[in-house]
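Here are some notes from one colleague to another, to go with the picture below. Keep the structure open while you read and look up each spot as it comes along.

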Amino acid sequence: MSDFDLDLRTVEEHIDEELEIEGSIVLGVLDGETPADEWLEAISKGNVLVLNVEGDVNELAAGFARDVRESGGNLVHFRGFLLVTPPGVDVNTDRL
């Protein structure tokens, strides 16, 4: 046997820290009726937006997309939906 020492309590503490998630998944419709400031506020609170796009995604997201990207967030258009994540939440598209 080796002299490998594993402190499970320390590991559990780090796991708990890593799993702390703030915010929610917010479902909505991106159709131009909701002001860009409302979407930005939702993102700033740590929420992930899943928005059904009804129209041209570039025009509809123009009011908040740049701010989201500049803050470190992500925007992904997928099958008629726009996924918008706050900084620190990535969207894995490897399986697409």
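1. Let's start with E70, which sits in helix α4. This residue is exposed, with a relative accessible area of 62%. Keep in mind that we're looking at a predicted model, so the numbers here are computed from that model. E70 has company, too: together with D37, E38 and D67, E70 makes up a negative surface patch. Two elements each give two or more residues to that patch, namely α2 (36-44) and α4 (65-70).

2. Now for the overall layout. The protein has four helices and four strands, and starting from the N terminus their order is α-β-α-β-α-α-β-β. Out of 96 residues, 25% count as buried.

3. Which strands pair with β2, and in what sense? On one side of the list there's β1 (residues 25-30), which pairs with β2 in the parallel sense over six bridges. L30 is a handy spot to check, as L30 stands opposite V53 in β2. Then there's β4, which pairs with β2 in the antiparallel sense over four bridges. For that pairing, look for L49, which stands opposite V84 in β4.

4. Is strand β2 largely enclosed or largely open? Five of the six residues in β2 (residues 48-53) are buried, so the rest of the structure largely encloses this strand. A residue counts as buried when its relative accessible area is under 20%.

5. β4 has another partner as well: β3 and β4 pair in the antiparallel sense over five bridges. If you want a place to find this pairing, N74 has T85 in β4 as its bridge partner.

6. The turn of that hairpin deserves a look. Two residues lie between the strands β3 and β4, and R79 takes a positive phi near 50° there. R79 isn't a glycine, and its loop runs between β3 (74-78) and β4 (81-85). For background, most residues other than glycine have a negative phi. R79 is also exposed, at a relative accessible area of 72%.

7. How many salt bridges are there? The count comes to one salt bridge. K45 forms a salt bridge with E41, and their closest N and O atoms are 3.1 Å apart. As a general point, side chains of opposite charge can pair when their charged atoms come close. K45 is exposed, with a relative accessible area of 52%, while E41 is partly exposed at 42%. The cut-off explains the two labels: exposed means over 50%, so K45 earns that word, and E41 falls in the range between buried and exposed.

8. A couple of pairs across the chain are worth finding by eye. N58, in helix α3 (residues 57-61), is 19 residues from H77 along the chain, and their C-alpha atoms are separated by 9.9 Å. N58 counts as exposed, at 61% relative accessibility.

9. The other pair involves D90, found in the segment after β4. D90 and G73 are 17 residues apart in sequence, and from C-alpha to C-alpha they're 7.8 Å apart in space. D90 is exposed, with a relative accessible area of 67%.

Notes
Residues numbered from 1 in each chain as written. Predicted model: local features only at pLDDT ≥ 70, side-chain atom pairs only at ≥ 80, totals over all residues. Heavy atoms only, no water. Patch = residues over 30% accessible without salt bridge, like charges linked within 9 Å, V, L, I, M, F, W, Y side chains within 5 Å. Areas by Shrake-Rupley, 256 points an atom, 1.4 Å probe, with all protein chains shown as cover. Salt bridge = Lys/Arg side-chain N within 4 Å of Asp/Glu carboxyl O. Lys, Arg positive; Asp, Glu negative; His and termini not counted. Charge placed at Lys NZ, Arg CZ, Asp CG, Glu CD. Buried < 20%, exposed > 50% of the residue type's maximum accessible area, 1.4 Å probe, protein only. Pairing = 2+ DSSP bridges.
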